Amino acid sequence: MHTGAELEIRLQRAAFNRALAAGDLPAIGPILAPAAILVTGTDSALISGRKAQLIAWKREFAATDRSIYVRTPQTITVSPVEPIAFEQGDWVGTTSSGIRQSGGIYSAKWRQIGAAWCIEAELYVTLS
């Protein structure tokens, strides 16, 4: 059984996956903390800040046969002393036509900001 915080994070991750699949920038923004950091899986490019990430996703969504990424959490560890949590799981990238491009593992740090859990940092490693 999941704790309340873990369930909220899983719901936020599912919403993020749906937003990526739909190309829905307005739905992605609130899930990212203002200073969210993303380190990409292959070239370790650093995308720093919500605004920079939304610009990157907007470019990605404009591609003809764009990539769709799905993150599947395996574990979520909620801190008992701070409003933070750590997510670990697997990710897969496919083209919008359904061809698998890449995949691997990821980790994400979440922070509760007000009532919402937001992604504060993500790190991806490409394994396939």
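The following paragraphs lead the reader through this structure, from its sheet to its helices and its core. The model is a predicted one.

The sheet is a convenient starting point. It is an open sheet of 6 strands in the order 2-1-6-5-4-3, and its pairing is mixed. At the edges stand strand 2 and strand 3, each with a single partner strand, so one side of each has no neighbour in the sheet. On average, neighbouring strands of this sheet are turned by 20° against each other, direction ignored. In general, the strands of a sheet pair through backbone hydrogen bonds, in either the parallel or the antiparallel sense.

Both senses can be found here. Strand 1 and strand 6 pair in the parallel sense, over 4 bridges. Within strand 6, Ile-119 is the residue that stands opposite Leu-32. Strand 3, residues 67-78, and strand 4, residues 84-95, pair in the antiparallel sense over 11 bridges. A hairpin of 5 residues joins strand 3 to strand 4. Arg-71 has Trp-91 in strand 4 as its bridge partner.

The helices may be considered next, beginning with helix 1. Helix 1 lies across strand 1, strand 3, strand 4, strand 5 and strand 6, and it runs at about 175° to strand 3. Two residues of helix 1 illustrate opposite surroundings. Gln-12 belongs to helix 1, and Gln-12 counts as buried because its relative accessibility is 18%, which is under the 20% limit. Leaving out residues up to four places away in sequence, Gln-12 touches Ile-31, Trp-110 and Trp-117. Ala-22 also lies in helix 1, but Ala-22 counts as exposed because its relative accessibility is 59%, which is over the 50% limit. The C-alpha atoms of Ala-22 and Val-125 are separated by 24 Å, and the two residues are 103 residues apart along the chain.

Helix 3 shows how a helix can present two faces. Helix 3 comprises residues 50-62, and its 13 residues reach 18 Å from the first C-alpha to the last, close to the 18 Å expected at 1.5 Å a residue. Which residues of helix 3 are buried? They are Gln-53, Ala-56, Trp-57 and Phe-61. Seen down the axis of helix 3, its buried residues fall within an arc of 135°, so they line one face of the helix. A general rule helps here: an α-helix has 3.6 residues a turn, so residues three or four places apart point the same way. On the face of helix 3 turned away from the buried side are the exposed residues Lys-51, Lys-58, Arg-59 and Ala-62. The buried residues of helix 3 pack against helix 1, helix 2, strand 1, strand 2 and strand 3.

The core brings several of these elements together. As a general tendency, nonpolar side chains in soluble globular proteins are buried together. The largest nonpolar core here has 20 residues, and those with the most contacts inside it are Phe-16, Ile-28 and Trp-110. Helix 1, strand 1, helix 3, strand 4, strand 5 and strand 6 are the elements that give two or more residues to this core. Helix 1 gives the most, with 4 residues. What does Ile-28 contact, leaving aside its neighbours within four places in sequence? Ile-28 is in contact with Phe-16, Ala-19, Leu-20, Leu-54, Trp-57 and Phe-61. Of these, Trp-57 and Phe-61 are among the buried residues of helix 3.

Note on methods: Residues numbered from 1 in each chain as written. Predicted model: local features only at pLDDT ≥ 70, side-chain atom pairs only at ≥ 80, totals over all residues. Heavy atoms only, no water. Pairing = 2+ DSSP bridges. Expected span 1.5 Å × (residues − 1). Buried < 20%, exposed > 50% of the residue type's maximum accessible area, 1.4 Å probe, protein only. Arc of directions from axis to C-beta. Contact = heavy atoms within 4.5 Å. Core = buried A, V, L, I, M, F, W, Y, C linked by side-chain atoms within 4.5 Å. Axes fitted to C-alpha atoms, helices over the stretch in contact; angles between N-to-C directions.
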